[in-house]
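This report is meant for a reader who has not met this structure before. Please look over the sequence and the model first.

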Amino acid sequence: MDLNSIPFQATRYRGVSIHFYSSDRANGHAAVMIKMEPGCSYPRHKHKGPEELLILQGGYRDEGGEHRAGEFVRYEDGTSHHPVALAGEACVFFAIAQEGIELLG
């Protein structure tokens, strides 16, 4: 897979971009590719329903430790975390959120 060919769109968070494969705002379901530049982070958030992701490049750290390319990670309903991309190459992962997230300030 050529990760450079994905049409990522910048978000309001520095160094974080996203590409939606599917999204349903009514129920929060989304299938997305997310890219975080080294040292950049996505805000602390809480999962509404499970989220599963596969890290394709780089890695990130959060309250659960470090997660790197090739790893599958699952967050259960009600869990919260604050992912920060590791140094080196950008962190790119594919995620499926079942019921969305809630930003926590």
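The text below goes through the sheets, the surface patch, the salt bridges and the cysteines of this predicted model.

**Sheets**

Six strands make up one open sheet, and their order is E1-E2-E3-E11-E5-E8. The pairing in this sheet is antiparallel. Strand E1 (9-10) and E8 are at the edges; each has a single partner strand, so one side of each is left without a neighbour in the sheet.

The partner of E8 can be followed residue by residue. Strand E5 (residues 51-57) pairs with E8 in the antiparallel sense, over 4 bridges. Glu-51 stands opposite Tyr-75 in E8, and the bridge partner of Leu-54 in E8 is Phe-72. Strand E8 covers residues 72-75 and has two faces. Val-73 and Tyr-75 are on the covered face, whereas Phe-72 and Arg-74 are on the uncovered one.

Another open sheet is formed by 3 strands in the order E7-E6-E10, again with antiparallel pairing. Its edge strands are strand E7 (65-68) and strand E10 (84-85), each of which pairs on one side only. Strand E6 (residues 59-62) is joined to E10 by 2 bridges in the antiparallel sense. Tyr-60 has Ala-85 in E10 as its bridge partner.

**Surface patch**

Which residues make the nonpolar surface patch of about 550 Å²? Met-1, Tyr-21, Leu-54, Leu-56 and Phe-72 make this patch. Two of its members, Leu-54 and Phe-72, are also bridge partners, with Phe-72 lying in E8. Tyr-21 belongs to strand E2 (residues 16-24). Tyr-21 has 43% relative accessibility and therefore counts as partly exposed.

**Salt bridges**

The whole structure contains 5 salt bridges. The table lists some of these pairs, with the distance from N to O.

| Pair | N to O distance |
|---|---|
| Glu-63 and Arg-44 | 2.7 Å |
| Arg-68 and Glu-66 | 2.6 Å |
| Arg-74 and Glu-76 | 2.7 Å |

The pair of Glu-63 and Arg-44 links distant parts of the chain, 19 residues apart. Glu-63 is in the loop between E6 and E7, and Arg-44 is in the loop between strand E3 (29-36) and strand E4 (45-47). Glu-63 is partly exposed, with a relative accessible area of 47%; Arg-44 is partly exposed at 34%.

For the pair of Arg-68 and Glu-66, the relative accessibility of Arg-68 is 44%, so Arg-68 counts as partly exposed. Glu-66 is partly exposed as well, at 45%.

Arg-74, on the uncovered face of E8, forms a salt bridge with Glu-76. Salt bridges also link Glu-52, Arg-74 and Glu-76 in a network. Arg-74 has a relative accessibility of 39% and is partly exposed, and Glu-76 is partly exposed with a relative accessible area of 40%.

**Cysteines**

How many disulfides does the structure hold? The number is 0. Cys-40 is in no disulfide, and the nearest cysteine sulfur, that of Cys-91, is 11 Å away. Why do Cys-91 and Cys-40 form no bond? The sulfur of Cys-91 is 11 Å from that of Cys-40, its closest cysteine sulfur, and this is too far for a bond. A disulfide, as assigned here, needs the two sulfur atoms within 2.5 Å.

Are Cys-40 and Cys-91 buried or exposed? Cys-40 is buried, with a relative accessible area of 3%. Cys-91 is buried too, with a value of 0%.

Conventions. Residues numbered from 1 in each chain as written. Predicted model: local features only at pLDDT ≥ 70, side-chain atom pairs only at ≥ 80, totals over all residues. Heavy atoms only, no water. Patch = residues over 30% accessible without salt bridge, like charges linked within 9 Å, V, L, I, M, F, W, Y side chains within 5 Å. Areas by Shrake-Rupley, 256 points an atom, 1.4 Å probe, with all protein chains shown as cover. Salt bridge = Lys/Arg side-chain N within 4 Å of Asp/Glu carboxyl O. Buried < 20%, exposed > 50% of the residue type's maximum accessible area, 1.4 Å probe, protein only. Pairing = 2+ DSSP bridges.
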